[in-house]
Structures are given as structure tokens and as C-alpha cells.
Amino acid sequence: MKEPSIRRRIIYDKVFKIIIILLTFCSILPMFFIFFFITSKGISVTNWKFLTQLPKPVGEIGGGISNAIIGTFMLIGIATAFSVPVGILAGIFLSENRKGKLASLTRLCVETLQGVPSIVIGIIAYIWLVVSMGSFSALSGGLALGLMMLPVIITATEQTLKLIPGSLKEASLALGVSYPRTILKVILPAGVSGIVTGVLLSIARVAGETAPLLFTAFGSPFMNLNVLKPINSLPLMIFNYATSPYPEWHTLAWGASFILIILVLGLNLFTKVVTKRWKVQF
Amino acid sequence: MESTVLKIEKFSAFFGENQVLKEVSLSVPQNRITAIMGPSGCGKTTLIRCINRMHELIPGARVSGKIFLDQEDIYATDPIIVRRQIGMVFQKPNPFPMMSIYDNVIAGYNLNGIRLAKDEKDRIVEESLRKAALWEEVKGALYRRGTFLSGGQQQRLCIARALAMGPAVLLLDEPTSALDPKATSHIEELIVQLKDTVSIVLVTHNMAQAARVSDFAAFVYLGELVEFGPSGKMFTAPRDKRTEAYLMGKFG
Amino acid sequence: MKMNHSKAEFLVLRSKTKTMRWRKPALSESSFRKILSIAGVFILLLLVAIFFSLVIASFPSIWNFGIRFLFSSTWDPVKSEFGAFPFLVGTLATSFLALVISVVFSIPISIFLGEYSAQGSTATFIKSMIELLAGVPSVIYGFCGLFLLAPLVRILEMKLGVAPYGVGIFTASLVLSIMIIPYSASIGREVISLVPSDLKEAALSLGATRFEVIRKVILPYAGSGIVAGILLSLGRALGETMAVTMVIGNTNFIPKSIFSPANTLASVIANEFTEATGSLYLASLIELGLVLFIVSAIINLIGKLIIRRMGVEG
């Protein structure tokens, strides 16, 4: 029986460790490239005019992304308005019913919904709202984004509430507080940190989504505040401009990318800070 | 002749098919401390949870028999109203972590949507904290969250919270088992002072505590009420052999 | 009975609370529980509605083409002849290639964060970087892929003597692989860190090197969890739209080599949906969406099932 020498085994061990470390650090290089590239190309375009003007037609110099910024916020607003109440209620339902057929089925549906590709969500919002309304709209775009936020909020709510010790519920019930009031005034406030984190993270997820908006919100060169009309958003604009043949538009797209990445990363950072500050200790 | 605040008549409790309390009949005297003792699993915690109707919150739980609070059948009343008249303090102190000390004490009113004038609230908070022997220690920090308090102080906060509702009976479920000896003796002193204002039912597995503090004692074994009587007599001359065996430490 | 000042006050409070009209809660317990159940049922109905909406909307295409939809490679809007095969090939090719590339990096990351460097500032740094990678919007990946990566691939293709498109399956797979690294890396890290330390210590005390412990103890134990993480990143890759659309070249023919342009199920929908004229065209595109939905759902559920079982065991 040939036994590899100890020296050889030690060499293998060291080489392996080096390979692992190398590959790990290599994999985060793209992050630096992307960030560096976008910042260098985008920051020169970004100025106050850029943020407050409407995009100009092809051939004209200048223009801005104001409608895309407003559109992004409007779409997020619509999505949040619908997904947060439904999501929190469903999350409470799941955390208050650990066992039970309906709860298990619901959990399965939440997991499945989480995995639905974003373009399919766009198709659904198209079928449900665009076809019935006869036109593209901010509403349908907001619905699509809301459907994507829903599973994240539900899961965050359920997991947060599950961690709250049962003694809190008992203390409230023993004071003669009704069950609905106990849930809404004691349990929910105790879990506010985790729930808000879930909401913020889901917003960060959908702020950068394009596919579900391609044939729902559709995009628009104008400023639009009407939820029943098509609306632009930052990712949509980036997609349209980046794939266009006009170099001026490419430049705008870099600027828009810069703004978008700051928005998304800033939101992630903000979420971390908020979570820490509002966390309730038990 | 002692007057009775709680009359328990042939009361049984079940977890599904499993019978945990067997036709317990007991008259809890008013303004006295009644200790309920017994080995673990004997049903003493279930008994007091039936008194404030918390037992039925467990899925599959069932009861039979009657319990009267001042002549009212508590199982014929809305459980929420029963729980407002019968307060409970738990083994592990559980103040509401997101609320200030002030809000914790007045929580029974706030959470129930009862609107009170500010000075009335202040009065109730101060009264309850004084009765719980906590006022002097926290009066300067009423609006801070209660999490900085020691275990014993947190438990007194929970007592104040229960007292603020003006209950007729206060149920204490092993209130000192999670506390150190110094805090334990503070709470025991407090309980003795409180009996003037509320009737107290104290569940404890600590025989010495029961002997120190209670006026009356009940011994529960395997779901049955084995013996009940004045503490002095019960600890020195128990009538039932099982009581004697328990008191001698033959089983715990 | 001894009466004193505070006791009298207490009795007054008691009688007050007894007679005070306790406001009945606006919501009774049973109504509240019903509302909660309705929220649960709503989610159920949502998913059912999604599935049936897709089926009903693709019905003209299902009726017209039947099962040969999946095997036909003609996608001709003019002749109203539609077949999904080119896109199935494109999807599978990009996803699997991306998977293979990403695994080369995500498993080392899992081992690094799970075993070598579980705590400390390096670990936090790497973890945050991986999280950031996952947070970058898809369209930005596509944008950078188009303007940064495609020119490099074009140079490579010229060196290899292939048609220098720059875009195609290879480029799309590269971009995709970077995007899915965080998913398998984080799950892999968790399963590896869950390996009981007494197993590792037993092996080390027998004289094994760390490499050998990883190879012979940790990886076999965490194996199925790592596979689950890979499955989940596969599910992600299958549905990824924007980045792929921007760098895959958008042709509706079966790709001949990994440098050929192609289309995936998601990218053809993204490209042609708004221009689709005629109900059969639209229905066929929606049927592609239905296929995508079913395949992603199955892969995701299998992956989550494995993870749940591992979580229970570990």
C-alpha cells in the first residue's frame, strides 16, 4: 500500500488553501469593475440638470432623467401600497398558524411565487390589467412589482413574528386584552424591525427590475403622474437607451445607471442601519 | 369565618383525552394568601390557568365544572372580562420590551383602548408602583424602557401592571423561581403586604416559601385536591398520608 | 379587616373597574382570525390564478401546435409558425454553462466563508461584497456586459477565427454566472458552517490535513445542501431576463456553437412581446412564459425541499 508522504499532503493542503482564497477574491472582482466603470462613466453626466430635466429627442444634446426618477418612485409607491398590507396580514396568518393545512399550502404558494421569473410576472400583469384596461399603465407596472415584493414581505413577517417569545402574548392576554388587539398592539410592534427590514429589502429588489415593466408600465418620454397611463422608470430607461444605436443616449444610460446603483445600494445600507436601531431585545 | 372570593366546584380540566384536573373543589378565602403546592406535573399551574381562563387558549383544551368569582360564574362571562378581574404574574418576568415603565404599568388600559385623563393615569401608575414596592426605585426613570431593571424589579413591574387593573384576585405562578434569593425575599415581603388589597393564590414548588408566606395551603397531587386547610396546621399535622410524604420530601 | 388609606382607594378602583363600561373590541377574535385566513386564501388563489391565466392565455397556441410546440425549431411570425425548441436550447445552454462557471467560484466561497474564515473582518467584507453582487440590478449587468465584456469576447472570437459577434451564448453565460454566484455561495456557506465540529475535530485528531477534512468530511456531509444551493441558482438563471437579453444576440435559430447568438425563453419574450401582432403570436409567447413558469417552479421547489430537510437534520 503506497501512502502519500506527509510532506506531499501538507503541500496539497497549502495549495488548496491558496486556490480557495484566490478564487474567492477573484469572484468579487466583477463588483469592483462594475462600480468603477459606472461611476467613471456616469458621474460626469450627473448634475442638477440631469436629474431635473426630461429626456430630449435624439440628436439633441443634454436632457435628463427626471421622468424616470419620478416614475421609479411612483411605481414603488403603488407596489408598496398593495403588497405591504396583504403581505403583513398573510405573514401574521402564517406565524399564528404553525400547523394546519391552509397554512402549509399558503407557505408552499409563497415559496413558489418567490421563484416565478420576473418576465412571467410581467405577462400576468399584462393579462390582468393591460388587456382589461386597454392600455399600458403605471398601475399594471405597480401590480407587477407588488407581486414580486409580496413573498419577501410575507416571509420576513412570518420569520420575525415567530421569534417573538410566547410570554409576550401571554402577558397581554392575561391583562384581558383581546386577541386582535394583542396581535396588532403588542406582537406586531415588537416585530416592527424585522418587518420593516423585509419591506425595505423587497423595495431594493424591485427598484432595479426591468422585465416586469416592459409591457406593463412600458416607459414614456414624458413626465407622467397619471397612474392610468404609461410611465418611465430608471431601469426601463437604461435598457431602452443602452440598446439604442445613439451614443448620446448611451451616455445618458451611464448616468442613469449611476443614479440607480446609488439608489439600490443606498437602500441596502439604510436597511442595515434601520434594522440595528429598531431591534427589540427580549 | 373567612369569606370566600373564589369558589371552585367539582372542576376538571382536560388536554384532549388526558384529564389533568379531577373534580377539584376549593374555596379560596378573601384577602388571604392561598398557596397551591404539589410535585411538578400535578396540575397546579393548570388550575390557576383555568381560574383566569388561559387554559382554554391551548388547542384541544377542555374544562368541566364551575368556578365562581364573587358569585359570578366565570365560565358564563366573557373571558376578557374575567381576565381583567383576575390578574396573573408569570414565572419568568415578562414586561413589554417596547414600552416604557410607565406604559407597562398602564398597559392594561392602553391596550384595551380605555381612555383616561393624564392625571388619572399618573395616579394609577404611582399607586400600583407603590403597592409593588417599586416606586422609589423607578420614579425618576418612568419613561425609560424597563429592560435595564433587574429580574426582581422586572417581576415587581409585572405585579404593578397586574395590580393597576384593580383585580379581585392575583394569581402568582411560581413568581420567584427565576429570581435570586435576595429578590425572592423582597417579593415574599411584598406578597404579604398585598393581601390587604387583593386575594392571592400562589403556586409554588418551594415548600419553605409556602410555609413562610401563606395563610392557607392546598396540596394537589396527580390532578386531585388532596388536602386544603390553614397553613400552620397543614405543615405541622397533615391529615393525608400523601401530603405528609410530599412535605417530607419523599417525592418532588 | 384592617382598613387603611391605600386599601380604601384600591377598593374604589376595583369597584370602578367592575362597573366601568369596558369597550368591546371593535374586532372580535373570530372575525380577526377570519381576516387572517382570508389573507392566506388570497395568496393561494393568487398562485392558482397566475397558473390558470397563463394556461388560458396560451390556449390558442396549445390548441394549434400541441406538443410539437416544444420540439419545433421554426419561429416565423410571418407564417404564424411557432416552435419553442431554439429557445429551450438557448435557455439550457446558457443556464448550464453559467452554472458550471459559477460553481467554480461559489463552492470555494462557501468553503472559505464556512470553514476557513467564518468570523472576522475579512469574512464580513467578503460577505458584504457577495451581497452587493446580488443587489446589482439585472439591467446594469446587461449594460456592463454589452459595453465591457462583449468587446473583449469579440477580440477572443477574432483570435479563434470565429464570427466576431461579441454577443452570444458565451457572453450571456459569463454575465449570468456572475449574477448567480451569490445564491449558491450563501446557501453553501450555511450548510458548510452547520457541519458539526465534533466530526471535524475527530478527523483532525486522527492527523488529517484541513484539505483532507474538507474533502472527506465536510463536503460529503454538506453535499446535498450544496446541491440544493446550486439548484436554486439554476432556477434563478433560467428566469433571468434583462442581462441575458442585452448580450445574447437575439436570433431565433438554434445556436450552432457557444459563440453563436441565440435567444432564451425569457429573452425572446422580452424582445418580441410588445411587437407581437396577432393572437397566435402573443399566445405562443405566453406559452413560452408558461413553460418557463413550470420549469422554474419545479427546480425551485426541489431545491427548497432539500434545504428544508437539511435544516431539520443539521
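# Exercises on a predicted three-chain model

Leaving aside neighbours within four places in sequence, C:Ile140 is in contact with A:Ile34, A:Ile38, A:Ser257, A:Leu260 and A:Ile261. The model is predicted, and the exercises below start from this residue.

**Exercise 1. Place C:Ile140 in its nonpolar core, and state what separate core exists.**

Solution.
Step 1. The largest nonpolar core has 171 residues.
Step 2. C:Ile140 belongs to the group that touches the most other members, together with A:Ile238, A:Ala256, C:Val175 and C:Val247.
Step 3. A second, separate core holds 84 residues, including B:Ala13, B:Leu111, B:Met165 and B:Met234.
Step 4. As background, nonpolar side chains tend to be buried together in soluble globular proteins.

**Exercise 2. Describe the contact between chain C and chain A, and the classes of residue on the chain C side.**

Solution.
Step 1. On chain C, 62 residues are in contact with 66 residues of chain A.
Step 2. The element of chain C that gives the most to this side is helix H2 (residues 29-65), with 14 residues.
Step 3. Sorted by class, the side of chain C that touches chain A has 46 nonpolar, 13 polar and three charged residues.

**Exercise 3. Set out the make-up and dimensions of chain A, then those of chain B.**

Solution.
Step 1. Chain A has 12 helices and zero strands.
Step 2. For chain A, the radius of gyration is 24 Å, whereas a compact globule of 282 residues would have one near 19 Å.
Step 3. Along the principal axes, the C-alpha atoms of chain A fill a box of roughly 70 × 70 × 35 Å.
Step 4. In chain A, 51% of the 282 residues count as buried. Of the contacts in chain A with a separation of 6 or more, 74% join residues 24 or more positions apart.
Step 5. Chain B has 11 helices and 10 strands. Its radius of gyration is 18 Å, close to the 18 Å that the globule rule gives for 252 residues, so chain B is as compact as a globular protein of that length.
Step 6. The C-alpha trace of chain B spans about 55 × 40 × 35 Å along its principal axes.
Step 7. In chain B, 48% of the 252 residues count as buried. Of the contacts in chain B with a separation of 6 or more, residues 24 or more positions apart account for 69%.

**Exercise 4. Give the strand order of the open four-stranded sheet of chain B, and explain what stands at its edges.**

Solution.
Step 1. The order is E2-E1-E4-E5 (chain B), and the pairing is antiparallel.
Step 2. Strand E2 (18-29) and strand E5 (72-73) of chain B stand at the edges with a single partner strand each, so one side of each lacks a neighbour in the sheet.
Step 3. Strand E1 (residues 4-15) of chain B is joined to E2(B) by eight bridges, and the two run antiparallel. Within this pair, B:Phe11 has B:Val24 in E2(B) as its bridge partner.

**Exercise 5. Determine how strand E7 of chain B is covered and which strands pair with it.**

Solution.
Step 1. Five of the five residues of strand E7 (residues 169-173) of chain B are buried.
Step 2. In a regular strand the side chains alternate between the two faces of the sheet.
Step 3. In E7(B), one face carries B:Val169, B:Leu171 and B:Asp173, the other carries B:Leu170 and B:Leu172, and all of these are buried.
Step 4. Strand E6 (residues 86-89) of chain B runs parallel to E7(B) and is joined to it by four bridges; B:Gly87 stands opposite B:Leu170.
Step 5. Strand E8 (residues 199-203) of chain B also pairs with E7(B) in the parallel sense, over five bridges. There, B:Asp173 has B:Val203 as its bridge partner.

**Exercise 6. Check the length of helix H5 of chain B, then examine the positive phi values of B:Ala133 and B:Gln71.**

Solution.
Step 1. Helix H5 (residues 118-131) of chain B has 14 residues, which at 1.5 Å a residue should span 20 Å; the end C-alpha atoms are 20 Å apart, in agreement.
Step 2. The buried residues of H5(B) include B:Ile124, B:Val125 and B:Leu129.
Step 3. Most residues other than glycine have a negative phi.
Step 4. B:Ala133 is not a glycine, yet has a positive phi of about 55 degrees. This residue lies in the loop between H5 and helix H6 (135-138) of chain B. With 18 other C-beta atoms within 10 Å, B:Ala133 is partly exposed.
Step 5. B:Gln71 has a positive phi near 80 degrees, and is found in the loop between strand E4 (61-69) and E5 of chain B. Because B:Gln71 has 7 C-beta neighbours inside 10 Å, it counts as exposed.

Terms used: Residues are numbered from 1 along each chain as its sequence is written. Chains are lettered from A and ligands numbered from 1 in the order in which they are written. Two residues are in contact if their C-beta atoms, placed from the backbone, lie within 7 Å. Ala, Val, Leu, Ile, Met, Phe, Trp, Tyr, Cys and Pro count as nonpolar, Asp, Glu, Lys and Arg as charged, and the others, Gly among them, as polar. Two strands pair if DSSP finds at least two bridges between them. The radius of gyration is taken over C-alpha atoms; the globule rule is 2.2 Å times the number of residues to the power 0.38. A residue is buried if 20 or more other C-beta atoms lie within 10 Å of its own, exposed if 12 or fewer, and partly exposed in between; C-beta atoms are placed from the backbone. The expected span of a helix is 1.5 Å times one less than its number of residues. A nonpolar core is a set of buried Ala, Val, Leu, Ile, Met, Phe, Trp, Tyr and Cys residues joined through C-beta atoms within 7 Å.
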